Amino acid sequence: MAHLKPNLPTKQCLICNRPFSWRKKWCESWEQVLYCSERCRRQRKQVNHV
């Protein structure tokens with residue numbers, strides 16, 4: 001059985017600029033996912049208000 005994780009799509013987080021990979025929980029909304037974590041998503045609000 002092949003391990004397919006190296007073939008997952010990746011994106012860059014808009015806040016921390018780190019790459020992150022597709023997750024099963026994002027299967028329906030991968031196009032809308034912009035941040036690698038909840039922490040980065042929360043920081044977005046702080047960055048926009050400064």
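Which residues form a positive surface patch? The legends below address this question and then turn to other parts of the structure, which is a predicted model.

**View 1. The positive surface patch.** R18, R39, R42 and K45 together form a positive patch on the surface. One of these residues, K45, lies in helix α1, which covers residues 38-48. The relative accessible area of K45 is 44%. K45 is therefore classed as partly exposed, since that class lies between the buried limit of under 20% and the exposed limit of over 50%.

**View 2. The loop at N17.** N17 belongs to the loop that links β1 (10-12) with β2 (19-21). The phi angle of N17 is near 60 degrees, a positive value in a residue that is not glycine. In general, most residues other than glycine have a negative phi. With a relative accessible area of 51%, N17 counts as exposed, because the exposed class begins over 50%.

**View 3. The order of the elements.** The protein contains one helix and two strands. Along the sequence, these elements follow the pattern β-β-α. The strands β1 (10-12) and β2 (19-21) flank the loop that holds N17, and helix α1 spans residues 38-48.

**View 4. The surface and contacts of the whole protein.** The protein has 50 residues, of which 16% count as buried. The accessible surface amounts to about 4,600 Å², and carbon and sulfur atoms contribute 52% of this area. Among contacts with a separation of 6 or more, 11% are accounted for by residues 24 or more positions apart.

How values were computed. Residues numbered from 1 in each chain as written. Predicted model: local features only at pLDDT ≥ 70, side-chain atom pairs only at ≥ 80, totals over all residues. Heavy atoms only, no water. Patch = residues over 30% accessible without salt bridge, like charges linked within 9 Å, V, L, I, M, F, W, Y side chains within 5 Å. Areas by Shrake-Rupley, 256 points an atom, 1.4 Å probe, with all protein chains shown as cover. Salt bridge = Lys/Arg side-chain N within 4 Å of Asp/Glu carboxyl O. Lys, Arg positive; Asp, Glu negative; His and termini not counted. Charge placed at Lys NZ, Arg CZ, Asp CG, Glu CD. Helix = DSSP H or I, 4+ residues; strand = E, 2+ residues; numbered from the N terminus. Buried < 20%, exposed > 50% of the residue type's maximum accessible area, 1.4 Å probe, protein only. Contact = heavy atoms within 4.5 Å.
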